[in-house]
Amino acid sequence: MKVIVTPAAANQSISLTINDRPETVTVPPRTTLAEILRDHLDLTATHLGCEQGVCGACTVMVDGRPTRACLTFAASCEGATVETLEGFKDDDLMDRLKAAFHRNHALQCGFCTPGVLATARDLVERLDTADEVRIRNELSGNLCRCTGYVGIVESIAQVIDERRGLGLPSTGAPRVAREATTGFAPFDADIAERPPAPAVSSGTMTVEDGWSVVKREVALNHSADAVWAHFSDLDAVAECLPGAKLTDHDASTFTGHIGVAFGPITAKFEGEGTYRTDDSSRVGTVAGRGKDRGGQSAVEGELSYTVRLAQGDPDASLVDVGFRFRIQGMLGQFNRPELVNGFVDYILAEFVANCDAVLSGGEVRESKGISAFAMIRAVIGGKLRALFRRT
Ligand code: FES
Ligand code: FES
């Protein structure tokens with residue numbers, strides 16, 4: 001048997017600033033930021049739990065934003081500013097958080113604590129008020145198997161109050177201004193043969209009474225009549241939604257399922273719901289709920305959409321999309337705003353591209369379901385910033 005051996009890719013030198021110290025490490029391209037911190041610089045406060053982006057134990061600050069060190073390749077950190085728990089010595093907010101964690105019994109084994117403190121400090125600096133629902137939602141990307149979160153949430157709320165009491169305003173934004181991305185050479189894609197891409201504009205994401213509420217405006221290069229005809233056909237809409245399958249429907253009710261893969265967690269939500277469309281106002285609404293087969297997660301939500309004429313162009317239209325949902329169980333981490341925003345933008349971009357293809361006489365591309373990895377791949381090509389954008 002002939003064995004082909006592929007030579008290992010050459011090591012790369014990466015220069016970055018870690019806890020205010022310039023560092024240069026020479027590592028293989030597949031090395032993660034977590035490996036640099038722990039194995040090369042002995043900064044072992046950064047813990048590794050799942051190494052799949054799920055538990056948040058490895059959270060550190062990269063260019064002022066909480067970031068999964070286990071998912072961040074070293075090569076993408078060229079020129080970055082990284083802060084680990086070791087770097088927060090003599091930091092007033094971190095000292096207050098540590099005292100509050102001690103006071104409120106916010107840790108037991110402490111494994112999650114470095115990642116939780118990194119996220120907590122970001123929240124304390126960024127949030128105006130100590131709103132418990134908001135804190136719990138923003139903290140949902142950090143898993144703690146010991147504490148039940150009560151002490152952690154209380155600590156964060158107390159330090160937000162302390163910060164306000166000191167007259168320090170919330171930043172509402174990351175601490176360090178984001179600088180231009182380095183380490184990637186820009187290139188011009190050859191798009192001469194492609195039709196103009198439909199645009200998914202940015203919108204808002206808020207948390208209201210435990211519901212994640214997302215609003216987006218979508219532009220399509222087709223007349224409002226054609227878009228409405230497409231949007232009022234439930235079979236056509238489901239076909240364009242990645243991972244979705246209608247199993248049955250009548251004039252107002254439906255059953256179906258949708259597949260989701262997020263890190264090591266996969267779920268197939270089987271669900272049912274109701275829908276209605278109003279031709280005169282071109283408004284459609286869909287309400288539904290579903291459970292995954294293992295009973296680990298449940299989702300309920302309402303979707304509304306309004307198709308409008310685009311001003312000045314009879315061959316273009318705008319669709320206002322409103323979506324409110326809540327997820328319980330293992331996939332509850334999707335309620336985290338930056339993940340929701342990235343996820344919604346990814347799904348909408350796929351959905352709109354499929355609608356555009358169908359309205360242009362083409363076909364929907366084959367979908368294997370909704371995958372966090374597919375989402376991350378998609379957003380890397382120009383949407384990475386949107387994934388971590390603050391709302
Ligand atoms: S170790 Fe990075 S998220 Fe779990
Ligand atoms: S304190 Fe043990 S995992 Fe959080």
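Select Leu93, Arg96, Leu97, Ala100, Phe101 and Arg103 in helix 2, and you will find that they meet Ile152, Ser155, Ile156, Gln158, Val159, Glu162 and Arg163 in helix 5, where contact means heavy atoms within 4.5 Å. By class, this contact of helix 2 with helix 5 has seven nonpolar, two polar and four charged residues; Ala, Val, Leu, Ile, Met, Phe, Trp, Tyr, Cys and Pro count as nonpolar, Asp, Glu, Lys and Arg as charged, and the others, Gly among them, as polar. This is a predicted model, in which local features need pLDDT of at least 70 and side-chain atom pairs count only at pLDDT 80 or more, while totals for chains, interfaces and linings use all residues. Residues are numbered from 1 along each chain as its sequence is written, chains are lettered from A and ligands numbered from 1 in the order in which they are written, and side-chain values use heavy atoms, with hydrogens and water left out.

Now show helix 2 (residues 92-103) and helix 5 (residues 150-165) as ribbons: their axes come within 9 Å and cross at roughly 140°. That makes helix 2 oblique to helix 5, since angles under 35 degrees count as roughly parallel, over 145 as roughly antiparallel, 65 to 115 as roughly perpendicular and the rest as oblique. The axes are lines fitted to C-alpha atoms, for helices over the stretch in contact, and the angles run from 0 to 180 degrees between N-to-C directions. Helices (H or I, at least four residues) and strands (E, at least two) are DSSP runs, numbered from the N terminus. The crossing of helix 2 and helix 5 is right-handed; a crossing is right-handed if the near helix is turned clockwise from the far one by less than a right angle, and left-handed if anticlockwise.

Next, add helix 3 (113-126). Helix 2 and helix 3 pack at an angle of about 120°, with their axes 10 Å apart, and that makes helix 2 oblique to helix 3. Helix 2 passes helix 3 in a right-handed crossing. To see the contact, select Leu93, Met94, Leu97, Lys98 and Phe101 of helix 2 together with Thr113, Val116, Leu117, Ala120, Arg121, Val124 and Glu125 of helix 3; by class, eight of these residues are nonpolar, one is polar and three are charged.

Keep helix 3 in view and bring helix 5 back, for these two helices pack at an angle of about 35°, with their axes 9 Å apart, in a right-handed crossing. Here Val116, Ala120, Leu123, Val124 and Glu125 of helix 3 make the contact with Ile152, Ile156, Val159, Ile160 and Arg163 of helix 5, a set with eight nonpolar, no polar and two charged residues.

Then move to the loops on either side of helix 2. Most residues other than glycine have a negative phi. Asp90, in the loop between strand 5 (81-83) and helix 2, has a positive phi of about 55° although it is not a glycine, and at 77% relative accessibility Asp90 counts as exposed; exposed means over 50% relative accessible area, buried under 20%, and partly exposed in between (1.4 Å probe, protein chains only). His105, in the loop between helix 2 and helix 3, has a positive phi of about 50° although it is not a glycine, and His105 counts as exposed at 64% relative accessibility.

From His105, step across to Gly151 in helix 5: the C-alpha atoms of Gly151 and His105 are separated by 5.7 Å, with their positions 46 residues apart along the chain. Gly151 is buried, with a relative accessible area of 11%, and, leaving aside its neighbours within four places in sequence, Gly151 is in contact with Asn104 and Ala106.

Two further stops involve strands. Gly64, in the loop between strand 3 (59-62) and strand 4 (65-68), is buried, with a relative accessible area of 1%. Glu302 lies in strand 12 (residues 297-310) and is partly exposed, with a relative accessible area of 38%. Leaving aside neighbours within four places in sequence, Glu302 is in contact with Val286, Ala287, Gly322, Phe323 and Arg324.

Finally, zoom out to the whole chain, which has 10 helices and 14 strands; of its 391 residues, 45% count as buried.
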